[in-house]
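Here are a few exercises to work through with the sequence and the model side by side. Try each task before you read its solution.

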Amino acid sequence: MIAIYPGSFDPITRGHLDVIERGCRLFEQVIVVVFQNPNKMPLFPVTQRIDQIRRSTQHLANLKVDSFDGLAVTYARLHQAKVLLRGLRVVSDFEMELQMAHTNKTLDHDLETVFLATSTEHSFLSSSVVKEIARFGGPVDHLVPQAVALDIYKCYAKTPIESEPIAEEPR
Ligand code: ADP
């Protein structure tokens, strides 16, 4: 069974990667599909996002990366995918994701949305959080794949702040 994992991935984070790796264990093939979100001003062009995802997922033999300008259901139909994979982090994701799943169901009754609950350590993580930290010169190496962190630093042309060890209170 083929699953597509649609999203903006601007840029891919360790949270996305976690969903991708787990999806690859569940399905014969997973296709990450990068979409241009008309409501968001992107940091990276689609071609660079695809390249970042490819470089971060070389260890996954049953993964493909693609982009599409259209509806996810259309892409799924064109590629015989029967599953739309999405990640759920917090309750606030749920309302939007459920609405999207129901809407997609009205467009294609045969396509099932499968949600993977995020690993707890990634539950706070989003592409926007990463960009916000990097914009103010903070380190993001622990939040995104290494190659992506370098792209982000280049983009903001700032060096990461070395995290200071927390001094112990004198007793
Ligand atoms: P979109 O613009 O479609 O929301 P995103 O790139 O932000 O695209 O997210 C794509 C999918 O990945 C969504 O289902 C989102 O909930 C999920 N996702 C994002 N961050 C994480 C994370 N840290 N853990 C698990 N799933 C995540």
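Buried means under 20% relative accessible area, exposed means over 50%, and partly exposed is what lies in between (1.4 Å probe, protein chains only). You're looking at a predicted model, where local features need pLDDT of at least 70, side-chain atom pairs count only at pLDDT 80 or more, and totals for chains, interfaces and linings use all residues. Residues are numbered from 1 along each chain as its sequence is written, and side-chain values use heavy atoms, with hydrogens and water left out.

**Exercise 1.** Work out how helix H2 and helix H6 run relative to each other.

Solution. Start with the names: helices (H or I, at least four residues) and strands (E, at least two) are DSSP runs, numbered from the N terminus. Two packed helices are described by the angle between their axes and the distance between the axes. Axes here are lines fitted to C-alpha atoms, for helices over the stretch in contact, with angles from 0 to 180 degrees between N-to-C directions. Now find H2 at residues 46-56 and H6 at residues 146-156: their axes come within 8 Å and cross at roughly 150°. That makes the two helices roughly antiparallel (over 145 degrees; under 35 is roughly parallel, 65 to 115 roughly perpendicular and the rest oblique).

**Exercise 2.** Find which residues of H2 and H6 meet, and which pair forms a salt bridge.

Solution. Look for contacts, meaning heavy atoms within 4.5 Å. From H2 you get Gln48, Gln52, Arg55 and Ser56, and from H6 Ala147, Val148 and Asp151. Next, check for a salt bridge, a side-chain nitrogen of Lys or Arg within 4 Å of a carboxyl oxygen of Asp or Glu. Arg55 and Asp151 fit, at 3.0 Å from N to O. Since Arg55 sits in H2 and Asp151 in H6, this pair ties together parts that are 96 residues apart in sequence. Arg55 is partly exposed at 34% relative accessible area, whereas Asp151 is buried at 9%.

**Exercise 3.** Track down what Asp10 pairs with, and say whether the partners are buried or exposed.

Solution. By the salt-bridge rule, the count comes to 9. One of them joins Asp10 to Arg49, with the closest N and O atoms 3.7 Å apart. Asp10 lies in the loop between strand E1 (2-7) and helix H1 (14-26) and Arg49 in H2, so the bridge links parts 39 residues apart in sequence. Asp10 and Arg49 are both buried.
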